[in-house]
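User: I would like a close look at one part of this model and at what surrounds it. Please explain each term when it first appears.

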Amino acid sequence: MKSMTRRNFLTVAGALVGTATLAGCGGEQAEQTDQAADDTADDAADGDLGLVTEGSITFAVSPDYPPFENLVDGEYVGLDMDLGRAVAEQLGLECVYTNIDFDGIVPAIVAGGQADAGLSGISITPDREDEVNFTTPYYIDNQAVATLSSNTDVTEENAAEVLNTADMTIAVQSGSTGADFAAENFPNAEQLAFPQFTDAFAAVSAGQANAVCGNLAVVEQMLAGAYTDQHVVLTSATGEEYAICVNKDNEALLDAINDALATLQEDGTIDELIAANMG
């Protein structure tokens, strides 16, 4: 099942934190084309958004999750990174990224002080909604499981059954919906969690795990790149909505980002970014 853009979705559906590294998002300023965008930028310029650093919006990211976020030669690339730059432009703010392990992003937003919002392939889940507010979604993805291509014991025909056995080890990213999916669907298997998703694929290649579970778009990207020795044996249409998370006490920032996303959706920018990054 192909992932849906937010436009298609709307048509269908109408604590310890890791060491942080700050970096500017880059990108050229885009000209504001409508009054709504101007008003949103004015609000940001007036300092009404409760930002960590005045004049900048700081996104917490875990740049190990292509095609959404990754570091290539020191540059932040991917759909989320481009989206963060576009949102910052709409708000008339400088874009800044701070690196945090994925399972520390939501706690960091709850605690405040490190980042204004989380933007890192974060799916909306009931547990996360208890802790933070989410913007309108900008992408929908599903779950996938991959194994070594040479592993003939696990096939597309028997994966759901064979993976749910005690002698199976499934690698996941800590705190991810992939970890939740594996726990729910393969409760008899051992789960091996890593702070960075790339390490989960490396574990399979090294023989430390039998399979890796995570979001389909990322799994496909990994297998097309560094992990061509693996292939997908199972997919599930979970329809997970990716969104930006914001502290529950900052409704002004939530509204401002939602306004920016609405403009970016209406003018086709989000669809363009998806096409450029997802292929």
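Analyst: With a relative accessibility of 19%, Asn258 counts as buried; this term means under 20% relative accessible area, while exposed means over 50% and partly exposed covers what lies in between, using a 1.4 Å probe and protein chains only. The model is a predicted one, in which local features need pLDDT of at least 70 and side-chain atom pairs count only at pLDDT 80 or more, whereas totals for chains, interfaces and linings use all residues. Residues are numbered from 1 along each chain as its sequence is written, and side-chain values use heavy atoms, with hydrogens and water left out.

Asn258 belongs to helix 10, which is the part examined here. Helices (H or I, at least four residues) and strands (E, at least two) are DSSP runs, numbered from the N terminus. If neighbours within four places in sequence are set aside, Asn258 is in contact with Thr135 and Thr136, where contact means heavy atoms within 4.5 Å. Pro137 is 121 residues away from Asn258 in sequence, yet the two are 9.4 Å apart in space, C-alpha to C-alpha.

A second residue of helix 10 is Thr263. Thr263 also counts as buried, at 6% relative accessibility. Its C-alpha atom is separated by 8.3 Å from that of Gln90, although these positions lie 173 residues apart along the chain.

Gln90 leads to a neighbouring helix. Two packed helices are described by the angle between their axes and the distance between the axes. The axes of helix 3 (residues 79–91) and helix 10 come within 9 Å and cross at roughly 105°; axes are lines fitted to C-alpha atoms, for helices over the stretch in contact, and angles run from 0 to 180 degrees between N-to-C directions. Helix 3 and helix 10 are therefore roughly perpendicular, since this word covers 65 to 115 degrees, while angles under 35 degrees count as roughly parallel, over 145 as roughly antiparallel and the rest as oblique. On the side of helix 3, the residues that meet helix 10 are Leu83, Ala86, Val87, Gln90 and Leu91. Helix 10 contributes Ala256, Ile257, Ala260, Leu261, Thr263 and Leu264. By class, this contact of helix 3 with helix 10 has 9 nonpolar, 2 polar and no charged residues. Ala, Val, Leu, Ile, Met, Phe, Trp, Tyr, Cys and Pro count as nonpolar, Asp, Glu, Lys and Arg as charged, and the others, Gly among them, as polar.

Helix 10 has another partner in helix 11. Helix 10 (residues 251–266) and helix 11 (residues 269–278) pack with their axes 5 Å apart and at an angle of about 75°. That makes helix 10 roughly perpendicular to helix 11. Here Leu261, Leu264 and Gln265 in helix 10 meet Thr269, Ile270 and Asp271 in helix 11. The residues of this contact divide into 3 nonpolar, 2 polar and 1 charged.

From helix 11 the view can be extended to helix 9. The buried residues of helix 9 (residues 216–224) are Leu216, Ala217, Val218, Val219, Met222 and Leu223. These buried residues pack against several elements, including helix 11, helix 8, strand 13 and strand 14 (230–242).

Helix 8 (residues 197–205) has its own buried residues, namely Phe197, Ala200, Phe201, Ala203 and Val204. They cover an arc of only 155° around the axis, which puts them on the same side of helix 8; the arc is that of the directions from the helix axis to the C-beta atoms. An α-helix has 3.6 residues a turn, so residues three or four places apart point the same way.

The stretch that follows helix 8 deserves a brief look. Ala206 is found in the loop between helix 8 and strand 13 (211–215). In contrast to the residues just listed, Ala206 counts as exposed, at 56% relative accessibility. The C-alpha atoms of Ala206 and Leu148 are separated by 9.9 Å, with the residues 58 places apart along the chain. Gly207, just after helix 8, takes a positive phi of about 85°.

Finally, two cysteines may be considered. Cys213 counts as buried at 0% relative accessibility, and Cys245 counts as buried at 0% as well. A search of the whole structure finds 0 disulfides, a disulfide being a pair of cysteine sulfur atoms within 2.5 Å.
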